[in-house]
Amino acid sequence: MAVRCLSVTRRFHIDLCRLTPSAVNRSVVGLLSTAAEHRSAGDDGDDDHSHSVTHVRTLEIRARKLEEQVHDLTERYKRALADSDNVRRRTQKFVKDAKLFGIQSFCRDIVEVADLLEKVEERDGVQQLTQYLAHIRGRLQVIFTKHGLEKMSPVGSAYDPYQHEIVCHTPAEGVEPGTIAVVKQDGYILHGRTIRHALVAIAVRTQEQ
């Protein structure tokens, strides 16, 4: 305590020889109080500095974690883009192949009819030829039905602009006026969609009727 008091008195330039005992006591108490305050202030400064360092380190750790997350998300995004591009390319190729080879099955069946037509000349006589052509017609109908192709049969039915095309009018004989009396060219429907309109003649009432 004496050494500390001496160091304090030297620090604050106090001559103890010129002071009375009571004054010395008051001075020593004041010096000790002042030294304690300075020491306390120094301790607070050290605490603030330590807290700041800890806070900075915490922020650095958080920043590194965020950088890692950003890197991970970026890599995932790049992989997703690559996968999406691969799917798009495969889809385009699939659509292209579907357009090119979508009628492959139909063509395979229709060439059989072509083979039959090439053998027509081998038939002798009208009867044989007629029977052979009927066979070819039947084979064609089987192929059409297999692939969803249907020939229209509009005679006697009402005119439908989505399926029929009027080419002329004809007297109503055996059919109601305004209905289809004659088919000039067959129409076809593929899976419910008209692919060729039927060319038809509409029955009209004559003056005699």
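## Strands β2 and β6

In this predicted model, strand β2 runs parallel to strand β6, which covers residues 198-204, and seven bridges join the two. Within this pair, T170 stands opposite A203 of β6.

## The sheet

Strands β2 and β6 belong to an open sheet of three strands, ordered β2-β6-β3, with mixed pairing. The edges are taken by β2 (164-171) and β3 (180-185). Each of these has a single partner strand, so one of its sides has no neighbour in the sheet. On average, neighbouring strands here are turned by 30 degrees against each other, direction ignored.

In general, the strands of a sheet pair through backbone hydrogen bonds, and the pairing is either parallel or antiparallel.

## H164 in strand β2

Is H164, a residue of strand β2, buried or exposed? Its relative accessibility is 4%, so H164 counts as buried, the cut-off being under 20%.

Leaving out residues up to four places away in sequence, H164 touches M152, P154, S157, A158, Y159, I180, H197, A198 and V200.

## T179 in the loop

T179 lies in the loop between β2 and β3. This residue is also buried, because its relative accessible area is 13%, again under the 20% limit.

Which backbone oxygen does the side chain of T179 reach? The side chain reaches that of E176, at 2.4 Å. Apart from neighbours within four places in sequence, T179 is in contact with G156, S157, A201, I202 and A203. One of these, A203, is the residue of β6 that stands opposite T170.

How values were computed
Residues numbered from 1 in each chain as written. Predicted model: local features only at pLDDT ≥ 70, side-chain atom pairs only at ≥ 80, totals over all residues. Heavy atoms only, no water. Pairing = 2+ DSSP bridges. Helix = DSSP H or I, 4+ residues; strand = E, 2+ residues; numbered from the N terminus. Axes fitted to C-alpha atoms, helices over the stretch in contact; angles between N-to-C directions. Buried < 20%, exposed > 50% of the residue type's maximum accessible area, 1.4 Å probe, protein only. Polar contact = N/O pair within 3.5 Å; in protein donor to acceptor, adjacent residues only side chain to side chain. Contact = heavy atoms within 4.5 Å.
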